[in-house]
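Reader: I'd like to practise reading a model with you, one feature at a time. Could we begin with charged side chains?

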Amino acid sequence: MRRAATIGAAFIALSAAGFAVLAQSESDEASVDGLSFLGEPVTVADIAAGETLYAENCASCHGAELEGQPDWRRRLDTGRMPAPPHDETGHTWHHSDRNLFIVTKGGVGAVVPGYESDMPAFEGILTDDEIADVLSYIKSTWPDRQREFQAEVSVNDKGDL
């Protein structure tokens, strides 16, 4: 009798652990309500990956809290602009997904030929999916007002990548 109870308890514990793992994996793949990138739903896993990639590749210039460099609207002595914030205080949310993707992949010169910037092109450093994850993470931090505005800008941008 005691052995049957022990086996039963072990079975219940293993089942509970299995359900917990399944629930966790489903929650990572669940779409975040109201958030998409280039028309595709964004998942919790996309945002988590993007947060890590942002910390590794972007935070040194744009800030760990997406706050940008100090006095980011004023040109540096080099004539170049400091890194802007990616939070709601900056202008990132004024641009479409397509535009943000192109600038991140190809650098500012990809949209403004000849423009000199300290912003590197991430082509060959990050994959397209990783760029999408970083931008999805950034978008996930914006308040609803900025997210809704940026979503409308993205919908109205009919250009190609």
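Author: Sure. A salt bridge here is a side-chain nitrogen of Lys or Arg within 4 Å of a carboxyl oxygen of Asp or Glu. Keep in mind that this is a predicted model. By that rule, the count comes to 6 salt bridges.

Reader: Let's take one. What is the distance between the closest N and O atoms of Asp71 and Arg74?

Author: They're 3.0 Å apart, so the pair passes the 4 Å cut-off and forms a salt bridge.

Reader: And how do I read the surroundings of that pair? Is Arg74 buried or exposed?

Author: The idea is to check relative accessible area: buried means under 20%, exposed means over 50%, and partly exposed is in between. Arg74 comes out at 56%, so it counts as exposed. Asp71 has 48%, which means it is partly exposed.

Reader: Okay, now something with more reach along the chain. Which residue does Glu116 meet in a salt bridge?

Author: That's Arg80, with an N to O distance of 3.2 Å. The pair links distant parts of the chain, 36 residues apart: Glu116 sits in the loop between H4 and helix H5 (128–140), and Arg80 in the loop between H3 and H4. Glu116 counts as exposed at 53% relative accessibility, whereas Arg80, at 23%, counts as partly exposed.

Reader: Which other acidic side chain should I look at around Arg80?

Author: Look at Asp118: its side chain meets that of Arg80 in a salt bridge of 2.8 Å, N to O. Asp118 lies in the loop between H4 and H5 and Arg80 in the loop between H3 and H4, so this pair ties together parts that are 38 residues apart in sequence. Asp118 itself is partly exposed, with a relative accessible area of 45%. Since partners are shared, the salt bridges join Arg80, Glu116 and Asp118 into one network.

Reader: Let's stay with loops. Where does Pro84 lie, and is it buried or exposed?

Author: Pro84 lies in the loop between helix H3 (59–62) and helix H4 (97–106). Its relative accessibility is 17%, under the 20% limit, so Pro84 counts as buried.

Reader: What does Pro84 touch, leaving out residues up to four places away in sequence?

Author: Its contacts are His62, Gly68, Trp72 and His91. You can also compare sequence and space: Pro84 and Gly63 are 21 residues apart along the chain, and their C-alpha atoms are separated by 9.1 Å.

Reader: Now the strands. What's the general thing to look for?

Author: In a regular strand the side chains alternate between the two faces of the sheet. Then you look for pairing. Here, strand E1 (residues 31–37) and strand E2 (residues 40–43) pair in the antiparallel sense over 3 bridges. To get your bearings, start at Ser31, whose bridge partner in E2 is Thr43.

Reader: How many residues sit between E1 and E2?

Author: There are 2, and the two strands form a hairpin. Check the turn for Leu38, which has a positive phi of about 50°.

Reader: Let's zoom out. How many helices and strands does the protein chain have?

Author: It has 6 helices and 2 strands, and along the sequence they follow the pattern α-β-β-α-α-α-α-α. Of the 161 residues in the protein chain, 31% are buried. The chain exposes about 10,100 Å², with carbon and sulfur atoms supplying 57% of that.

Reader: And what about contacts across the sequence?

Author: Take contacts between residues at least 6 apart in sequence: 50% of them join residues at least 24 apart.

Key:
Residues are numbered from 1 along each chain as its sequence is written. This is a predicted model: local features need pLDDT of at least 70, side-chain atom pairs count only at pLDDT 80 or more; totals for chains, interfaces and linings use all residues. Side-chain values use heavy atoms; hydrogens and water are left out. Two strands pair if DSSP finds at least two bridges between them. Helices (H or I, at least four residues) and strands (E, at least two) are DSSP runs, numbered from the N terminus. Buried means under 20% relative accessible area, exposed over 50%, partly exposed in between (1.4 Å probe, protein chains only). Contact means heavy atoms within 4.5 Å. Accessible areas come from the Shrake-Rupley method with a 1.4 Å probe; for residues, only the protein chains shown count as cover.
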